[in-house]
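Biologist: Please take one part of this model and go through it closely. Keep it brisk.

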Amino acid sequence: MSGTGEHEDDHKNDQEDNEEPRWLDEQEKAAWTGLISLVLLLPGKLESPLRQEHGLTLFEYLVLSHLSEAPNRELRMGELAFLASGSLSRLSNVVKRCEQRGWVVRTPDPANGRYTLAELTDAGFDIVRLAAPTHLRAVRRVVLDSLNTTDQKALARIAQRLHIVPDDFG
């Protein structure tokens with residue numbers, strides 16, 4: 001064995017699994033509880049007004065919104081999944097529903113046929129234009145208005161440090 005292969009990595013993971021857990025101290029517990037509360041509760045608070053006023057889920061809105069901001073209102077599906085914070089399979093289901101509503105069309109990427117492009121239609125752009133103020137009001141009310149500039153910068157920095165780019169991004 002060369003000592004640099006995946007067998008060594010497997011052995012290292014086995015050692016970590018057998019170690020005593022490092023329990024959270026009070027500060028770590030407060031940070032973790034705050035984060036998990038944000039992760040689990042915030043999406044519902046942002047989605048509720050979109051559902052009530054426009055019949056959109058938060059994920060649908062994010063997909064349409066990212067397409068509306070992209071050059072030529074089109075993105076590769078993998079990039080769109082990353083930007084909307086969802087899996088390719090979830091995105092595929094949502095884009096299919098959006099296609100049925102006439103909001104999005106999918107085409108092979110002319111630069112590389114292995115990829116699929118999602119393109120926002122004019123009807124899809126109209127939906128984003130109608131829903132954007134609703135989403136913006138919720139973002140301000142639920143998140144931004146409660147934070148000062150220092151808090152907003154800290155939140156952005158923390159999000160950047162915790163962000164994981166998927167292997168299929170691009």
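Modeller: Here is a close look at one helix, with a short word on the strands afterwards.

This is a predicted model: local features need pLDDT of at least 70, side-chain atom pairs count only at pLDDT 80 or more, and totals for chains, interfaces and linings use all residues. Numbering starts from 1 along each chain as its sequence is written, and side-chain values use heavy atoms, with hydrogens and water left out.

The part is helix α2, residues 26-54. Helices here are DSSP runs of H or I, at least four residues, and strands are runs of E, at least two, numbered from the N terminus.

Begin at the start of α2. There, a side-chain oxygen of D25 comes to within 3.1 Å of the backbone nitrogen of Q27. Next, the length. The 29 residues of α2 should span 42 Å at 1.5 Å a residue, and the end C-alpha atoms are 42 Å apart, so the two agree. The expected span is 1.5 Å times one less than the number of residues.

α2 also has a kink of about 35° at L41, shortly before the proline P43. The bend is the angle between axes fitted to the seven residues ending at a residue and the seven starting there.

L46, E47, P49 and L50 are the buried residues of α2. Buried means under 20% relative accessible area, with a 1.4 Å probe and protein chains only. Their cover includes α3 (58-69) and α6 (122-142). After α2 comes G55, with a positive phi near 70°.

Now the strands. β3 (residues 116-120) runs antiparallel to β1 (residues 74-76), joined by 3 bridges. β2 (residues 104-108) pairs with β3 in the antiparallel sense over 5 bridges. Pairing takes at least two DSSP bridges.

Definitions and conventions:
Buried means under 20% relative accessible area, exposed over 50%, partly exposed in between (1.4 Å probe, protein chains only). Contact means heavy atoms within 4.5 Å. A polar contact is a pair of N or O atoms within 3.5 Å; within protein, one must be able to donate a hydrogen and the other to accept it, and residues adjacent in sequence count only if both atoms are side-chain atoms.
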